[in-house]
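Trainee: I'm new to this one. Can you walk me through it?

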Amino acid sequence: EFMKQAGKIAKQIIDCFKRGNKVLIFGNGGSLADASHFAAEFHNIGPVIALNDPVKIASIGNDYDFSRIFEMQICDIGNTGDIALGLSSSGKSRNVIEGLEVAESQGLEIIDFPRKGKNTQEVQEYQYKLLHEIYVIVKKELS
């Protein structure tokens, strides 16, 4: 199951890069830290952008609403054929859900990252391991 999920998501990312598109990855707290790490790993493989700019997050949160911090960034830089990858340990983060919804409405491919585990720690460990395995598969295929 784990390797099947990793392979499926890696293939989506490989196909995205091959058609000249990018991956937008986002989440809150530890998930945003994981998104930032994942984006950094891809620096010489393909365009992965973590929606983690604190100035943008604070500005959108202040001027509009915190629930819109990812949605508005996706509206600014997302293009048809890009991937929006939302990380959430609960699956209930309003701003991640809204980001994925607007991405889908704009023609981005969405990946609502899998959640496996009995508690937040287990889910985060699973997601971190899955992100790393996806990176390994994509790097092997494209390097």
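Mentor: Sure. First, a term: axes are lines fitted to C-alpha atoms, for helices over the stretch in contact, and angles run from 0 to 180 degrees between N-to-C directions. Also, keep in mind that this is a predicted model.

Trainee: At about what angle does helix α2 run to β2?

Mentor: Helix α2 covers residues 30-41. It lies across β1 and β2. Its angle to β2 is about 155°.

Trainee: What is the strand order in the open sheet?

Mentor: The sheet has four strands, with parallel pairing. Its edge strands, β2 (48-50) and β4 (109-112), each pair on one side only. From one strand to the next, the twist averages 20°. The order is β2-β1-β3-β4.

Trainee: Which residue in β4 is the bridge partner of Ala 84?

Mentor: Strand β3 (residues 83-86) pairs with β4 in the parallel sense, over four bridges. The partner of Ala 84 in β4 is Ile 110.

Trainee: Which helix gives the most to the largest nonpolar core?

Mentor: That core has 44 residues, and Val 138 is among those with the most contacts inside it. Val 138 touches, among others, Ala 10, Ile 13, Ile 14 and Phe 17. The helix giving the most, with eight residues, is α1 (residues 2-18).

Trainee: Is Gln 127 buried or exposed?

Mentor: Gln 127 is found in helix α6 (residues 120-142). Its contacts beyond four places in sequence include Ser 31, Ser 88 and Phe 113. Buried means under 20% relative accessible area. Because Gln 127 has 2% relative accessibility, it counts as buried.

Methods. Residues are numbered from 1 along each chain as its sequence is written. This is a predicted model: local features need pLDDT of at least 70, side-chain atom pairs count only at pLDDT 80 or more; totals for chains, interfaces and linings use all residues. Side-chain values use heavy atoms; hydrogens and water are left out. A nonpolar core is a set of buried Ala, Val, Leu, Ile, Met, Phe, Trp, Tyr and Cys residues joined through side-chain atoms within 4.5 Å. Buried means under 20% relative accessible area, exposed over 50%, partly exposed in between (1.4 Å probe, protein chains only). Helices (H or I, at least four residues) and strands (E, at least two) are DSSP runs, numbered from the N terminus. Contact means heavy atoms within 4.5 Å. Two strands pair if DSSP finds at least two bridges between them.
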